[in-house]
Amino acid sequence: MPRLLALSGSLRARSSNGAVLRSALELFDGPTGTTDLGALPHFNPDLDGEGATPPGPVAALRTAVAAADALLLVSPEYAHGVPGVLKNALDWLVSSGECVDKPVAVITASPFPTGGDHANAQLRETLRMMTGTVVADACREIPAIGPKVDAAAERVTDGPTLADLRTAMTHLAAAVPRPDKAPTAPEARTTPAAVAETAVAETAG
Ligand SMILES: Cc1cc2nc3c(=O)[nH]c(=O)nc-3n(C[C@H](O)[C@H](O)[C@H](O)COP(=O)(O)O)c2cc1C
């Protein structure tokens with residue numbers, strides 16, 4: 001069964017996105033885990049050079065992402081953008097390459113009718129640039145999240161939202177390549193160095 005790692009863009013204790021994340025994990029058919037992004041240092045390319053020893057929390061994040069078959073990002077939107085804590089985590093994963101070809105779902109939840117559409121689009125663009133596999137059918141923008149969650153229980157309570165989350169998690173699991181269908185020869189761009197080169201080339205282009 002595929003293993004899922006979920007990352008939250010909210011550090012808040014009674015986070016509505018945290019509730020969405022926990023419910024989504026419970027609906028995923030396979031082992032799941034999450035990791036707190038709050039302990040990550042700010043991304044600094046000087047600490048990310050060839051052969052550098054990454055800070056401990058960065059190494060732990062990279063190990064957790066590498067061990068997962070699929071990723072789930074659940075996030076609020078701040079000022080029409082991605083929360084710094086989540087963008088910071090993705091920046092640490094650009095050159096190390098753990099997201100390459102990894103199926104990823106992006107879910108944003110907001111108290112407003114927009115559902116965090118700006119942050120959702122930005123996260124998907126960043127992941128595409130990192131050559132992750134954004135699974136469109138597994139991505140969601142959840143509007144008016146307030147009454148749909150029980151913040152104390154840290155779970156979604158709204159029936160239709162739960163049903164839709166189940167559908168999203170089914171799509172995400174289905175996007176994980178089965179071992180018997182794995183490509184025989186990995187593509188050249190799946191090495192960390194090649195990812196960094198791709199990133200630089202695409203940025204320049
Ligand atoms: C500084 C700040 C900026 C915000 N900007 C937006 C925004 O641009 N779009 C939006 O949908 N919600 C915005 N919100 C509202 C958040 O979506 C809301 O606080 C949400 O509950 C945060 O997610 P959480 O409950 O998972 O922590 C903002 C909140 C804060 C504190």
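Biologist: In this predicted model, in which sense do strands S3 and S4 pair, and over how many bridges?

Modeller: Strand S3 covers residues 70-75, and its pairing with S4 is in the parallel sense. Within this pair, leucine 71 stands opposite valine 104 in S4. The chain passes from S3 through helix H3, residues 84-94, to reach S4, and this β-α-β crossover is right-handed. The sense asked for is thus parallel, and the number of bridges is five.

Biologist: Which residue in S6 is the bridge partner of alanine 109?

Modeller: Strand S6, residues 140-142, runs parallel to S4 and is joined to it by three bridges. In S6, the partner of alanine 109 is isoleucine 142.

Biologist: Are the residues of strand S4 buried or exposed, and how many of them are so?

Modeller: Strand S4 spans residues 103-109 and is mostly covered. On one side Pro103, Ala105, Ile107 and Ala109 are buried, and on the other side Val104, Val106 and Thr108 are buried as well, with both faces of S4 covered. The residues are buried, and their number is seven of seven.

Biologist: How much of the accessible area that the ligand has on its own does the protein cover?

Modeller: Among the polar contacts, a side-chain atom of serine 15 lies 2.6 Å from an oxygen atom of the ligand, while a backbone atom of histidine 80 is 2.8 Å from a ligand oxygen and a backbone atom of alanine 79 is 2.9 Å from a ligand nitrogen. Of the 620 Å² of accessible area that the ligand has on its own, the protein covers 69%.

Conventions
Residues numbered from 1 in each chain as written. Predicted model: local features only at pLDDT ≥ 70, side-chain atom pairs only at ≥ 80, totals over all residues. Heavy atoms only, no water. Buried < 20%, exposed > 50% of the residue type's maximum accessible area, 1.4 Å probe, protein only. Helix = DSSP H or I, 4+ residues; strand = E, 2+ residues; numbered from the N terminus. Pairing = 2+ DSSP bridges. Right-handed = clockwise from strand over helix to strand, strands pointing away. Polar contact = N/O pair within 3.5 Å; in protein donor to acceptor, adjacent residues only side chain to side chain. Areas by Shrake-Rupley, 256 points an atom, 1.4 Å probe, with all protein chains shown as cover.
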